[in-house]
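Reader: I should be grateful for a close look at how the helices of this model pack. Please state the cut-offs behind each term as it arises.

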Amino acid sequence: MIWRYRLTLIILLLTFCLVVARLFYWQVVKASELSLLGQSQYGKIIKVLPQRGEIKTSDNFPIVANKISYLIFSNPKEIKDKNKISLLLSKILNTKESSMSAQLFLDRFWVPLKTGLTTKEKENIEKLSLPGIGFEKQFTRYYPEASMAAHLLGFVGKDEAGQDKGYFGIEGYYDRLLKGKGGIAVQIHDALGRPILSRTNQNSKETKGSNLILNINRSIQFIVEEKLKKGIEQYGASGGLVGVMDPKTGNILALSSFPAFSLLDFQDYEQRLYKNPFISNLYEPGSTFKPLVMSAALNSKLVTPQTKCPVCAGPISVSGFDIRTWNNKYFKDNNMVGIIQHSDNVGMVFVAQKLGVDKMVSYLSAFGIGDLTGIDLQGEVSQPLPPKDSWYPVDLATKGFGQGISITAIELLSATSAIANKGVRMEPHVVGAVEDPNGKISKIPPKVLGKPISQETAKIMTEILVNAVNKGEASWAKIPGYRIAGKTGTASIPVKGRYDVNQTIASFIGFAPADNPKFVMVVILDRPTASIYGAETAAPIFFDIARDLMLYFGIAPSE
Amino acid sequence: MKKPTFLIIIIMFLIIALSLMRVIVSNNLSTAGITLLKLENRLNSYKIENTNLRERLLNFTSLSYISSESSQLGFVKNKTNFTLTKPLPLAIKQ
């Protein structure tokens with residue numbers, strides 16, 4: 001009898017061990033596999049959308065922000081009456097019925113129909129309760145100031161993988177900082193599709209992009225754009241550029257160029273318009289280059305402001321080429337102050353020849369000519385200076401008055417700012433600070449690039465430029481009561497190996513107030529037709545903007 | 001009562017009590033998921049509304065809007081200005 005009890009006990013124990021072993025197998029050995037299987041059956045992958053960082057002006061106003069839009073998609077396999085749905089949707093979405101129909105008849109589970117729907121449009125379609133239609137939330141770029149500073153900002157397009165990517169300007173240069181990182185979360189649902197609280201796993205962390213705080217002053221940018229647009233129309237120019245910089249820090253306060261493009265509909269514009277001409281287009285600066293050459297000669301003590309020009313009585317011949325003044329007027333024994341005041345090309349040839357090739361190249365390099373300025377925008381170009389041994393005498397002569405040399409507008413602005421800033425050249429910078437997703441702000445400090453001239457030379461050159469404004473060709477446009485230093489420029493455009501005297505780049509560069517400059521600004525008009533001269537086109541625009549800037553900065557007249 | 005019987009009764013009581021607790025907790029968890037979903041939906045709708053309102057706010061505070069509205073309301077640019085203070089005179093050796 002006892003053996004029966006023992007046998008029963010043994011069988012029970014064996015069965016118990018078998019069950020435990022099987023449980024161990026399924027719950028320990030196969031645990032991870034079953035968990036994944038469970039997630040695939042009951043898990044819903046939630047894409048955590050990355051928000052691209054905002055771009056704000058110096059007053060913390062988001063000039064580039066994000067707004068919510070929707071992608072409408074369909075599951076064609078769930079739509080029975082495809083013709084009716086495609087007709088209805090094409091009317092609501094304002095698309096061609098044929099393309100809508102083609103999408104709905106695809107043999108797929110997921111087909112995108114249109115992006116960029118607003119919340120209201122989405123809600124209107126949702127009310128119709130159409131089968132097989134769904135929405136995906138997206139973030140798209142939004143520009144509260146419309147296309148202000150279009151070239152400066154750049155735009156967001158798609159890369160090869162269909163991900164958002166910044167192109168040109170700040171969006172391009174700071175793309176890595178701005179783009180967020182999308183994450184994935186898996187939520188487990190029960191058999192009825194309801195989420196189970198305890199099982200939300202974040203498989204990867206989502207991070208927002210960093211925000212950028214620019215040095216751009218929104219009010220100054222607005223003033224500049226308004227005046228530049230008005231000036232281009234008034235003088236019949238093909239285009240124009242204006243750049244405003246704080247010479248003491250290198251902060252770019254405003255940067256504008258036309259023709260521009262719409263940031264929202266950039267794809268409707270020609271690609272050649274995407275480049276920022278302020279940093280990407282080379283041009284011959286003409287007489288606005290003279291202050292740099294004159295500063296070099298003054299700093300080298302080769303000339304003083306009172307040095308008389310022995311060759312200024314008439315045109316000068318260099319290697320068989322006759323070099324004349326812009327108006328064929330000549331001033332015998334003109335001094336350096338007069339050479340800048342009258343924008344005397346012959347006088348500048350004299351100064352350039354005094355400098356010689358070695359010193360010319362050395363000083364131009366110190367001013368940053370022929371080099372990238374390092375501005376934090378995508379697309380900057382520069383044309384290196386020719387090697388010293390390739391310079392002919394006529395090259396030295398023409399470069400003395402700003403022809404035969406190609407630079408970008410930012411190079412000229414940066415170089416001239418050294419004169420305004422006691423001889424110290426600062427790196428131009430658009431972004432002033434970076435705000436990380438946690439709200440921590442990291443400021444970008446100003447950077448000194450070099451000191452091409454001494455403080456004393458800078459002061460002398462400033463006075464020469466103030467005299468040029470007060471007594472030169474642009475004196476009619478100057479603002480009374482203010483000491484403004486500046487220089488006009490009228491550069492002929494080379495066309496098919498020759499200079500076309502009827503087509504010019506008219507420009508004006510200057511800084512104010514001369515004794516303690518708050519800003520340095522360059523205005524460039526491309527091929528103005530009302531007049532070819534900088535004194536009659538670019539200079540009035542400069543002073544028009546400068547007048548408003550003086551008011552904005554609260555600078556009282558000093559005279 | 002003998003000790004083994006007492007122990008068995010206590011164990012059985014614990015098993016029943018823990019099973020009941022498990023049923024209650026599981027029941028609460030299953031409905032908490034629905035509450036979570038509702039809360040998440042509300043949060044999402046507030047976030048969307050917040051973003052849309054911010055978009056409107058930025059529109060109304062943009063300089064382009066202010067400029068066009070102000071010109072429609074009859075505001076004009078300030079053409080005259082005056083200064084109350086003069087800059088300090090330079091100390092010039094006479």
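Author: The answer below takes the helix H13 of chain A with its partners, and then turns to other helices.

This is a predicted model, in which local features need pLDDT of at least 70, side-chain atom pairs count only at pLDDT 80 or more, and totals for chains, interfaces and linings use all residues. Residues are numbered from 1 along each chain as its sequence is written, while chains are lettered from A and ligands numbered from 1 in the order in which they are written.

Helices (H or I, at least four residues) and strands (E, at least two) are DSSP runs, numbered from the N terminus. Helix H13 of chain A covers residues 345-366, and its axis comes within 8 Å of that of helix H14 (residues 393-400) of chain A, crossing at roughly 115°. Axes here are lines fitted to C-alpha atoms, for helices over the stretch in contact, and angles run from 0 to 180 degrees between N-to-C directions. The crossing of H13(A) and H14(A) is right-handed; a crossing has that hand if the near helix is turned clockwise from the far one by less than a right angle, and is left-handed if anticlockwise. On the side of H13(A), the contact consists of Met348(A), Val349(A), Val351(A), Ala352(A), Gln353(A), Val357(A) and Met360(A), and on that of H14(A) of Leu396(A), Ala397(A), Lys399(A) and Gly400(A). Two residues are in contact if their C-beta atoms, placed from the backbone, lie within 7 Å. By class, eight of these residues are nonpolar, two polar and one charged. Ala, Val, Leu, Ile, Met, Phe, Trp, Tyr, Cys and Pro count as nonpolar, Asp, Glu, Lys and Arg as charged, and the others, Gly among them, as polar.

Thr398(A) also belongs to helix H14 of chain A. Thr398(A) is buried, because 21 other C-beta atoms lie within 10 Å; the term requires 20 or more such atoms, whereas 12 or fewer make a residue exposed and counts in between partly exposed, with C-beta atoms placed from the backbone. The C-alpha atom of Thr398(A) is separated by 8.5 Å from that of Asn345(A), 53 residues apart along the chain. With neighbours within four places in sequence left aside, Thr398(A) is in contact with Gln403(A) and Gly404(A).

H13(A) also packs with H11(A), at an angle of about 80° and with the axes 9 Å apart. H11(A) is therefore roughly perpendicular to H13(A), a term for angles of 65 to 115 degrees; those under 35 count as roughly parallel, those over 145 as roughly antiparallel and the rest as oblique. H11(A) contributes Lys290(A), Val293(A), Met294(A), Ala296(A) and Ala297(A), and among the residues of H13(A) in this contact are Met348(A), Val351(A), Ala352(A) and Met360(A). This contact divides into 10 nonpolar, no polar and three charged residues.

H11(A) is also among the elements that cover the buried residues of H16(A), together with helix H12 (336-341), helix H15 (409-420), S19 and S20 of chain A. Those buried residues include Ile460(A), Met461(A), Ile464(A), Leu465(A) and Val469(A). Helix H16 (residues 455-471) has 17 residues and reaches 24 Å from its first C-alpha to its last, close to the 24 Å expected at 1.5 Å a residue, a span taken as 1.5 Å times one less than the number of residues.

Strands S19 (485-495) and S20 (498-512) of chain A also pack against the buried residues of H17(A). Among these are Ile541(A), Phe542(A), Phe543(A), Ile545(A) and Leu549(A). Just after H17(A), Gly554(A) takes a positive phi of about 70°.
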